[in-house]
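User: Please take a close look at how the helices pack in this model. I would like the contacts first, then some single residues around them.

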Amino acid sequence: MQKQKNTERKYAIIAAVLLAFAFLLREIYEDLPNAMFQSILCLIRNTIHISLLFCWVVSVQRRLVNRNVRRLMLMVGCLLLFWLVDKIVKWDFTGSVTHPLVRYLWYGFYVGMLFVPTLGAFIINYLGKPEDYSHPKKLNYLLIPPTVMLVAVFTNDLHQKVFVFYNGFINFDLEYSYDWVYYFIMSWFIIMGFYFVVMMLLKSRVPGSRKLQRMPLAIMAFAALFWIGYSMKLYNCDLTIMDCLIIVLLLESAIQSGLLPSNTRYQEVFDSTTVPVLVVDGEYQTHYVSGVALPVSEAQMRQSAGGTVDLGDALLSSAPIKAGHVVWQNDI
């Protein structure tokens with residue numbers, strides 16, 4: 001138990017240090033006169049961001065229990081990766097800011113901004129439901145508003161109801177303002193995010209972790225203030241990185257607090273159960289054992305694979321699981 005907590009803490013510290021290092025690189029390479037050094041530091045920074053996000057997506061695939069929730073979370077992870085790569089291509093691999101391709105790469109940022117919080121509403125719908133549950137078809141209508149707004153973004157050159165360009169498309173990413181559709185987009189982003197957090201808290205059935213369960217709400221409140229301030233141009237920063245970081249923190253806090261069930265912290269379950277049970281790997285090496293389980297030998301566990309083994313005052317049984325076996329005792 002303590003070992004697992006230490007491991008989680010170590011990974012969190014490593015991720016925080018790498019993010020801080022990437023932030024410092026951005027502050028450094030923008031002032032460097034040498035273009036080659038700028039490119040090298042920029043490459044390192046981008047590699048850190050993509051690697052951390054990719055590792056988190058892989059960890060989600062391994063940790064989440066519910067198949068449908070896991071699939072939705074992986075879709076969120078893929079959208080975040082697309083968002084991040086899109087940002088990198090726009091800012092680091094395109095030369096002319098007046099080229100239409102650069103503008104549409106910018107518009108591509110809103111794929112993630114619109115659909116990530118929408119998928120959060122789908123994830124919430126699965127909480128507390130059985131494994132074979134499928135969401136009602138009427139929930140699919142929730143995809144219509146972000147789709148319409150995304151079409152408005154990609155057709156902005158025709159109507160400029162999302163971004164208004166002062167001097168046509170010359171220096172479009174420097175000389176522009178927001179119009180009413182943009183504020184609809186940001187409202188959708190924030191409202192759906194709050195809906196995800198509030199509904200997750202209301203559906204929570206995890207005792208003894210209320211402090212952790214307030215973490216998603218605190219992160220979402222900070223995110224709302226951050227986006228409002230950015231929209232008012234109170235400060236300038238790498239918005240894509242901040243958005244991806246906030247979303248990952250929000251979802252990870254939900255996993256860590258138990259609001260999204262994950263197949264981690266098994267030892268807590270084994271410590272509290274009254275069932276004598278062991279989980280062993282393919283070589284019958286014990287990985288998890290309940291506090292009430294009687295000691296059994298490797299030979300006895302191997303023998304139980306062929307049928308029940310009489311231990312005198314208990315019967316030993318086993319069943320295969322992925323990469324190992326579960327072994328339990330029945331007191332007679």
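Analyst: What follows goes through three helix pairs and then a few individual residues.

This is a predicted model, in which local features need pLDDT of at least 70, side-chain atom pairs count only at pLDDT 80 or more, and totals for chains, interfaces and linings use all residues. Residues are numbered from 1 along each chain as its sequence is written, and side-chain values use heavy atoms, with hydrogens and water left out.

Start with helix 5 and helix 8. Helix 5 covers residues 109-126 and helix 8 covers residues 180-203. Their axes come within 9 Å and cross at roughly 25°. Helices here are DSSP runs of H or I with at least four residues, strands are runs of E with at least two, and both are numbered from the N terminus. Axes are lines fitted to C-alpha atoms, for helices over the stretch in contact, and angles run from 0 to 180 degrees between N-to-C directions. Helix 5 and helix 8 are therefore roughly parallel. Angles under 35 degrees count as roughly parallel, over 145 as roughly antiparallel, 65 to 115 as roughly perpendicular, and the rest as oblique. The crossing of helix 5 and helix 8 is left-handed. That term applies if the near helix is turned anticlockwise from the far one by less than a right angle; clockwise is right-handed.

Which residues of helix 5 and helix 8 meet? On the helix 5 side they include Tyr110, Met113, Leu114, Pro117 and Ile124. Helix 8 brings, among them, Tyr182, Trp188, Phe189, Tyr195 and Phe196. Lys203 of helix 8 also takes part. Contact means heavy atoms within 4.5 Å. The residues of this contact between helix 5 and helix 8 divide into 17 nonpolar, 4 polar and 1 charged. Ala, Val, Leu, Ile, Met, Phe, Trp, Tyr, Cys and Pro count as nonpolar, Asp, Glu, Lys and Arg as charged, and the others, Gly among them, as polar.

Helix 5 also packs against helix 4, residues 100-107. The angle between helix 4 and helix 5 is about 15°, with the axes 4 Å apart. That makes helix 4 roughly parallel to helix 5. Leu105, Trp106 and Tyr107 of helix 4 make the contact with Phe109, Tyr110 and Val111 of helix 5. By class, the contact of helix 4 with helix 5 has 6 nonpolar residues, no polar ones and no charged ones. Tyr110 of helix 5 meets helix 4 and also belongs to the contact with helix 8.

Helix 4 has another partner in helix 3, residues 67-92. The axes of helix 3 and helix 4 come within 9 Å and cross at roughly 150°. Helix 3 and helix 4 are therefore roughly antiparallel. Helix 3 passes helix 4 in a left-handed crossing. Asp86, Val89 and Lys90 of helix 3 meet Val102, Leu105 and Trp106 of helix 4. The classes for helix 3 with helix 4 are 4 nonpolar, no polar and 2 charged. Leu105 and Trp106 thus appear in the contact with helix 3, and Leu105 and Trp106 also meet helix 5.

Now the residues of helix 2. Helix 2 spans residues 35-63 and includes Arg63. Arg63 is buried, at 14% relative accessible area. Buried means under 20% relative accessible area, exposed over 50%, and partly exposed in between, with a 1.4 Å probe and protein chains only. The side chains of Arg63 and Glu252 share a polar contact of 2.8 Å. A polar contact is a pair of N or O atoms within 3.5 Å; within protein, one must be able to donate a hydrogen and the other to accept it, and residues adjacent in sequence count only if both atoms are side-chain atoms.

Arg45 also sits in helix 2. Arg45 is buried, with a relative accessible area of 4%. Beyond its neighbours within four places in sequence, Arg45 contacts Ala22, Leu25, Arg26, Tyr29, Lys87, Asp238 and Ile241.

Ser39 is in helix 2 too. Ser39 is partly exposed, at 48% relative accessibility. Ser39 and Asp92 are 53 residues apart in sequence, and their C-alpha atoms are 8.4 Å apart.

Last, a loop residue. Gln160 lies between helix 7 (156-159) and strand 1 (163-165). Gln160 is not a glycine, yet its phi is positive, about 50°. Most residues other than glycine have a negative phi. Gln160 is partly exposed, at 22% relative accessible area.
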